[in-house]
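Welcome! Please open the structure in your viewer and keep the selection tool handy. We will go through it one stop at a time.

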Amino acid sequence: MKLPSNPQSSPEVRYDGKTAIITGAGQGLGRAYALMYARLGANVVVNDVSEKGANAVVEEITRAGGKAAATVGSVEDGDAIVKVALEKFGGAHILVANAGILRDKSFTAMTEQEWDAVLAVHLRGTYKCVKAVWPVFLKQKYGRIVNTASQVGIYGNFGQANYSTAKAAIIGFTRALAVEGRKYNILANAIAPSAGTAMTMTIWPQEMVDAFKPDYIAPIVGYLTSEANEETSGCLFEIMGGWAAQTRVAEDGRWDLITNFSDDRVVYPTTPQDALEQMANNFGHVEDGDDDPYADPEDPELVAKAKRNVEPPLDFSYTERDVILYNLGIGATEKELQWTFEGDDDFSALPTFGVIPQFAASGGISLDWLPNYNPAKLLHGEQYLAIKGPIPTSGDFVNQARILEVLDKGKAAAVTSVVETKDKDTGKVIFENQSTVFIRGAGGFGGKRNGKDRGPASAANAPPQRKPDAVIEEKTLPQQAALYRLSGDLNPLHIQPEFAAMGGFDKPILHGLCSFGISGKHVLKAFGPYKDIKTRFAGVVYPGETLVTEMWKEGGKVIFTTKVKERNATVLAAAAATLVDSGAPAKAKL
Ligand SMILES: CCCCCCC[C@@H](O)CC(=O)SCCNC(=O)CCNC(=O)[C@H](O)C(C)(C)COP(=O)(O)OP(=O)(O)OC[C@H]1O[C@@H](n2cnc3c(N)ncnc32)[C@H](O)[C@@H]1OP(=O)(O)O
């Protein structure tokens, strides 16, 4: 920011013809601002809850030859305040939301009334005044706003949970206004002033109150709300007794140095996109210490810390009942006792049961840091499952989840997580899942578009140009999703019409992993067991539709494609399974 050395005397900082609205202007900081604006040619609307205070300031201004009007009442009545500006002066150009109260109390003792009162005056009052003046600013394509935050809102303070909350919220509010207002020449900044006023008098010693005069704050507010300020917006300034600094957010993503902002790898994000980019850029290089340029491979503790996307391990158990429920959920029948009767000699889980433990683990992975994240817009994009040992029909396990990659697909974000499921007793990994979710509307944050080669987990698996070696058709049930969800994926997208509508579907859709399981069962029936299986979810399936799995045996792999028969739509693509017995012949008749 280019700040004139003395804005009050600088020739370019004048407010002739402009109307400034100042809330809480009956005394203290607000009064100092009101007097400054009036002195520099503005019409001033002096708002205060105290009639005496507001009138005294108006009188002081008019006596000195300036123009001012009082509006007495709460800042929560922003409409009434702005109305005075429009009626008395025919417009509004500057809003300084300054009014505030304190109700300090330790959080333990703070009453709800004390909480509500502070939030009402600071946060709701600021919002109401901005809301009322915003259409005026939009229409004239000009507006300058200074909202009043506080150091307490930045750093927190004992006895001020209510005030800290309101002030922190005002910072975010102001930054959002700056983003939305920029193209209309509406600039909004927040200040965290410290001055001796009636408000701080209750908590500061008298010498401090005397030393830190409100007049020291006014010039910065004056400059920020002047025409001379053509670009500074969305900033936060801490100002006190003639000292001012811009406060920026700094990020250093290295665990070892997270509290040490001392070198040039520290970054200063100014938008959520910047902040997200820092996070997104870090995904993928933290699988082991050697991959992490910031980790010291000599120091195992540091290497462990560098695995920053790792969720804590979570216990997970399942029983034979869970196995049967899953098998039924992907179409096992009462005749297939090996999948539906625990007393059968060959009782077993269908291999894709291995995707189920990840649901218990990935609950810890939150995605709400993505811009415009909307859970209704999330679709399952890809799935890879490696089966690394015989699948028990019951037991105790430990799941470990981590985010592997966050890609920016422009109109969507693609987030890949990895979950390893280990046998709790032996520590042996049984399943590894790599799962990509595709969140429509959450892209465009400036992250990288293409991910790394994840071997069979990201292979393109193009089907060969010949007739399939095996084809299996299976009609799903209208209640397929209602049944399948009981195995762990409780996403309402698959059962609740209203939620499906929010996701853009006219009715609930089938779980991607249900179709995956059904096709995985077809591969098993046609070619026998496999040690890994992968697909891309290329189109939606509705419960009740018929799935047709076309399979081609290529060496030790079965490449497959699944279509919905009724719509001839491809729903599983780039799909393949690696067979345990690579020499297994294609079964001609199924
Ligand atoms: C713990 C485990 C977590 C699992 C959570 C699972 C939660 C479940 O409850 C949710 C579900 O089961 S949803 C049901 C299953 N999934 C679906 O039905 C999705 C079907 N697919 C589609 O609709 C589109 O392909 C669609 C919308 C995905 C993409 O179509 P388009 O927008 O037209 O995309 P397109 O223009 O073709 O490509 C844009 C870029 O995105 C990449 N891409 C496309 N499809 C992808 C997919 N399925 N997965 C990952 N990336 C995909 C493209 O490669 C392209 O990238 P680039 O431009 O860089 O080449």
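This tour visits the ligand and its surroundings, and then three pairs of helices. Keep in mind along the way that this is a predicted model.

**Stop 1: the ligand and its neighbours**

Select the ligand, then show the residues around it. Which residues come nearest? Of the 26 residues in this shell, the nearest are Gly381, Lys409, Arg449, Asp489 and His494. Now colour the shell by residue type: you should find 9 nonpolar, 11 polar and 6 charged residues.

**Stop 2: polar atoms up close**

Zoom in on Lys409, where a polar side-chain atom sits 2.8 Å from an oxygen atom of the ligand. Next, click on Gly381. Here a polar atom of the backbone is 2.9 Å from a nitrogen atom of the ligand. Then move to Ala538, whose backbone N or O atom is 3.3 Å away from a ligand oxygen atom. Switch on the surface if you like: on its own the ligand has 1200 Å² of accessible area, and the protein covers 76% of that.

**Stop 3: where the shell comes from**

Change to a cartoon view and select residues 378-387, which form strand β10. How many residues of the shell come from β10? This strand gives 5 residues, the largest share. Add α14 (357-362), β13 (429-440) and β15 (530-537) to your selection; along with β10, each of them supplies at least two residues of the shell.

**Stop 4: three helix pairs**

Before you rotate the view, here is a handy idea: two packed helices are described by the angle between their axes and by the distance between those axes.

Start with α1 (residues 28-39) and α2 (residues 51-63). Their axes are 10 Å apart, and the helices pack at an angle of about 25 degrees. That angle is under 35 degrees, so α1 is roughly parallel to α2. The crossing of α1 past α2 is right-handed.

Next, select α3 (residues 78-89) and α4 (residues 112-140). These axes come within 7 Å and cross at roughly 40 degrees. Are they parallel or oblique? With this angle, α3 and α4 are therefore oblique to each other, and α3 passes α4 in a right-handed crossing.

Keep α4 selected and add α6 (residues 161-181). The axes of α4 and α6 come within 8 Å, crossing at roughly 15 degrees, so these helices are roughly parallel. Their crossing is right-handed.

How values were computed: Residues are numbered from 1 along each chain as its sequence is written. This is a predicted model: local features need pLDDT of at least 70, side-chain atom pairs count only at pLDDT 80 or more; totals for chains, interfaces and linings use all residues. Side-chain values use heavy atoms; hydrogens and water are left out. A residue is near a molecule or strand if one of its heavy atoms lies within 4 Å of it. A polar contact is a pair of N or O atoms within 3.5 Å; within protein, one must be able to donate a hydrogen and the other to accept it, and residues adjacent in sequence count only if both atoms are side-chain atoms. Accessible areas come from the Shrake-Rupley method with a 1.4 Å probe; for residues, only the protein chains shown count as cover. Helices (H or I, at least four residues) and strands (E, at least two) are DSSP runs, numbered from the N terminus. Ala, Val, Leu, Ile, Met, Phe, Trp, Tyr, Cys and Pro count as nonpolar, Asp, Glu, Lys and Arg as charged, and the others, Gly among them, as polar. Axes are lines fitted to C-alpha atoms, for helices over the stretch in contact, and angles run from 0 to 180 degrees between N-to-C directions. Angles under 35 degrees count as roughly parallel, over 145 as roughly antiparallel, 65 to 115 as roughly perpendicular and the rest as oblique. A crossing is left-handed if the near helix is turned anticlockwise from the far one by less than a right angle, and right-handed if clockwise.
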